[in-house]
There are 2 protein chains.
Amino acid sequence: MRILIDMDGVISDFDGKFLKRWRERHPEKLYIPLEERTTFYVKESYPEELQPLVAEILLEPSFFRDMMPMAGAIQAMNEMNQMGLEVFICTSPLNAYRNCVLEKYEWVENYLGADWVNRIILTKDKTLVKGDYLIDDKPDITGMEAIPVWEHIVYDRPYNRDVNKRRLDWGNWKDILDFKST
Amino acid sequence: MRILIDMDGVISDFDGKFLKRWRERHPEKLYIPLEERTTFYVKESYPEELQPLVAEILLEPSFFRDMMPMAGAIQAMNEMNQMGLEVFICTSPLNAYRNCVLEKYEWVENYLGADWVNRIILTKDKTLVKGDYLIDDKPDITGMEAIPVWEHIVYDRPYNRDVNKRRLDWGNWKDILDFKST
């Protein structure tokens, strides 16, 4: 059984890092806590005049490298690995790829170890990758393949609660996944 | 029809860049021209005592960014694109990923343009990617999937002449590929 796992907002705490820096840099400006986010893209939650300031934080060096892991994520991934599941990290870089591409690799090496670096798949189109499950917080995952071979399991986040798919988090993943071929 | 295309030694002139720097840095040392290379990994062609010097060149900043395109590669890729083929760049970073990961993205943006950056798939395991053909100079492409869905077409290079698979180069690709579903 092969599980593809997204990074931002699934194993790395994108929103935690963003909100911390947002508050530090712009303590006087509108602050939208994660629980009140309704859009997948953080930038789209903020009024247009604040969006360049949001982008500035996401694009600055160290933003991707310095995210904390999501609670339970590292343990879950190591456990999956020990169970004999094939686990791959399947992640899309920002269009402004300059910092995030390398920093995603550094993050994986730092928090999961060098062996996991070989399990990174960096692609804008996840529908091209073969797996049984894709665990991802993005509501809709589209690409060249109209019907991907994997089942999209939604990683539960406030901004994707209206998505009508199976969902999990690192507290309940063992109850949600069907360990079909293991 | 979807074609996955490798980078180093297929669209970017890895060996040309290496040999140029090798001669510049170590004019007095053993020089193995491309035509005499028998191993896929350049480092393995050189005696053990020279291998650290080979690695030094491959790992230095700008090595991946500064490769020239292979003759005919850019034109072939644009032509494939215009023919309506789905073309993706499917490339594996070095284990020492520090410079090559970002520089591969920069190379694609520089020589093919920003749209092509979205067609990069960076993965150590190419057997997980769905396509009809994989054009790659590496003799054996292995991974989790014992039987990948694509057909491996060998990009013709001196060091892979003993491989018994269909082979092409950017001079004859239109005669080799079967444009089956287009």
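**Strands and symmetry in a predicted model**

Me: In strand β4 of chain B, residues 133–136, are the residues on the two faces buried or exposed?
Reply: This is a predicted model, in which local features need pLDDT of at least 70, side-chain atom pairs count only at pLDDT 80 or more, and totals for chains, interfaces and linings use all residues. Residues are numbered from 1 along each chain as its sequence is written, chains are lettered from A, and side-chain values use heavy atoms without hydrogens or water. Strands are DSSP runs (E, at least two residues) numbered from the N terminus, and buried means under 20% relative accessible area with a 1.4 Å probe, protein chains only. In β4(B), B:Tyr133 and B:Ile135 lie on one side, B:Leu134 and B:Asp136 on the other, and all are buried.

Me: Which residue of β4(B) is the bridge partner of B:Ile5?
Reply: Strand β1 of chain B, residues 2–5, runs parallel to β4(B) and is joined to it by three bridges, where pairing requires at least two bridges found by DSSP. The partner of B:Ile5 is B:Ile135.

Me: Which residue in β5(B) stands opposite B:Tyr133?
Reply: Four bridges link β4(B) with the parallel strand β5 of chain B, residues 151–155. Opposite B:Tyr133 stands B:Glu151.

Me: Which residues of chain A are in contact with B:Thr123?
Reply: B:Thr123 belongs to strand β3 of chain B, residues 120–123, and is buried, its relative accessible area being 1%. Contact means heavy atoms within 4.5 Å. Leaving aside neighbours within four places in sequence, the contacts of B:Thr123 include, from chain A, A:Ile120 and A:Ile121.

Definitions and conventions:
Buried < 20%, exposed > 50% of the residue type's maximum accessible area, 1.4 Å probe, protein only.
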